[in-house]
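Here is a protein to explore, with its sequence and its 3D structure side by side. Take a moment to turn the model around, and then read on for a guided walk through it.

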Amino acid sequence: MKRWPGYAIFQIELRSRFRGWGIIFVLSLYLLALVALLVLGLVVLLDNQGLDGESLFLVLLGSQFVLLCVIGPLSSCGGISMEHERNSFELVITTLLRPVDIWTGKLASAMALGWVLFACGLPMILFCTFIGGGSPWKFLFGYAFLLVVYLCYCTFALWVSCMTKRTMVSMNIVTVALAVINGLFPFVYMIVSEVGVLDQGPLQAWVTYWGVMMLSPLLFVEGWLTDTQMLPPGTGVAGGYSPDIILLAVSLYLVAAVIFGVLTLRRLRFPRV
């Protein structure tokens, strides 16, 4: 791994993330929130439909998704803007490291934090598996899709950090973006579902439904795990997700991550005189 050109950046970023009491506070808060949400979901399930491993896993996955996709991007907001604030950005880009080495090193440290947070929830995942009721493919798809979305959000945060050059500004922009994607879009979906917009023709329904579902990954995963009727009548799919739709969702966030990565690399190049 030391032969990787971006290993030096990765090592520096990793030490800064996991040094001091900050990481202990983040991990403790993450576990407390995860346990609290899991216990709350367990109580609701026992009162309504009994103990169900699949429903409990859905609660766990949704909780991890919200926590991971908030902690990861917000912790990446200072990846490049901090270099500007410390007046070390010019020193970094004039080293022998290429822009792609700098970017991959900072992105890898953000992904490492995600893996640590994911590993902290493994005992709860095993608990859901022990209860039973969930398909292994749903477990696999749920967390694979979660990591893809986490990757996309971290690349977006690094791009914003590179554009704004101020950590607080980039944190505000990323916070608003996450609130719109995972808060406003589900709210819009609930409204259009209640007023019957989805029943006004196959084409309009398809655009409205998938415009909201694909842009809000939390809704997408929830609909897939619960085998909800995903497409309106007349669109050629009998119910649930087709493999093409699943591949389209994963590809959408991977393409978005690549686009944000390319935009960031363009900003990391040394300006020509």
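## The overall build

In this predicted model, the protein chain has 12 helices and zero strands. If you follow the sequence from start to end, the pattern reads α-α-α-α-α-α-α-α-α-α-α-α.

The protein chain has 273 residues, and 43% of them count as buried. It exposes about 14500 Å², with carbon and sulfur atoms supplying 71% of that area. Contacts across the sequence are worth a look too: among those between residues at least 6 apart, 79% join residues at least 24 apart.

## Where α6 meets α7

Two packed helices are described by the angle between their axes and the distance between the axes. Let's try this on helix α6 (residues 99-120) and helix α7 (residues 122-131), whose axes come within 4 Å and cross at roughly 45°. That angle makes α6 oblique to α7, because angles under 35 degrees count as roughly parallel and this one falls outside the named ranges.

Which residues make the contact? Phe-118, Ala-119 and Cys-120 come from α6, and they meet Leu-122, Pro-123 and Ile-125 of α7. Sorted by class, the residues of this contact are six nonpolar, no polar and no charged.

## Where α4 meets α8

Now compare a second pair. The axes of helix α4 (residues 78-85) and α8 come within 7 Å and cross at roughly 20°, so α4 is roughly parallel to α8. On the α4 side the contact is made by Gly-78, Gly-79, Ile-80 and Ser-81, and on the α8 side by Leu-158, Ser-161 and Cys-162. This contact has three nonpolar, four polar and no charged residues.

How much of α4 is buried? This helix is mostly covered, with six of its eight residues buried. The buried ones are Gly-78, Gly-79, Ile-80, Ser-81, Glu-83 and His-84. Just after α4 comes Asn-87, which takes a positive phi of about 55°.

## Aromatic rings in α8

The structure holds five aromatic pairs. One of them joins Phe-156 and Trp-159: the pair is tilted, at 6.1 Å centre to centre, with 45° between the planes. Both residues lie in helix α8 (residues 136-164), three residues apart, or about one turn of the helix. An α-helix has 3.6 residues a turn, so residues three or four places apart point the same way.

Are the two partners buried or partly exposed? Phe-156 has 17% relative accessibility and so counts as buried, while Trp-159, at 22%, counts as partly exposed. The dividing value here is 20%, because buried means under 20% relative accessible area. Together with Phe-260, Phe-156 and Trp-159 form one aromatic cluster.

## Two residues of α2

Next, look at helix α2 (residues 21-48), the home of Tyr-30. Is Tyr-30 buried or exposed? Tyr-30 is buried, with a relative accessible area of 1%. Leaving aside its neighbours within four places in sequence, Tyr-30 is in contact with Gln-64, Leu-67, Leu-68, Ile-71, Leu-117, Phe-118 and Cys-120. Phe-118 and Cys-120 may look familiar, as they are among the α6 residues that meet α7. As for Ile-71, its C-alpha atom is separated from that of Tyr-30 by 8.9 Å, and the two residues are 41 residues apart along the chain.

Leu-40 is also placed in helix α2. Leu-40, however, is exposed, with a relative accessible area of 52%. Its C-alpha atom is separated from that of Val-59 by 9.2 Å, with their positions 19 residues apart along the chain as an offset.

## A buried serine in α3

Our last stop is helix α3 (residues 53-76), where Ser-63 lies. Ser-63 has 8% relative accessibility, so it counts as buried. Which residues does Ser-63 touch, leaving aside its neighbours within four places in sequence? Ser-63 is in contact with Leu-34 and Leu-37.

Definitions and conventions
Residues numbered from 1 in each chain as written. Predicted model: local features only at pLDDT ≥ 70, side-chain atom pairs only at ≥ 80, totals over all residues. Heavy atoms only, no water. Helix = DSSP H or I, 4+ residues; strand = E, 2+ residues; numbered from the N terminus. Buried < 20%, exposed > 50% of the residue type's maximum accessible area, 1.4 Å probe, protein only. Contact = heavy atoms within 4.5 Å. Areas by Shrake-Rupley, 256 points an atom, 1.4 Å probe, with all protein chains shown as cover. Axes fitted to C-alpha atoms, helices over the stretch in contact; angles between N-to-C directions. Parallel < 35°, antiparallel > 145°, perpendicular 65-115°, else oblique. Nonpolar A, V, L, I, M, F, W, Y, C, P; charged D, E, K, R; others polar. Phe/Tyr/Trp six-rings, centres within 6.5 Å; stacked < 30°, edge-to-face > 60°.
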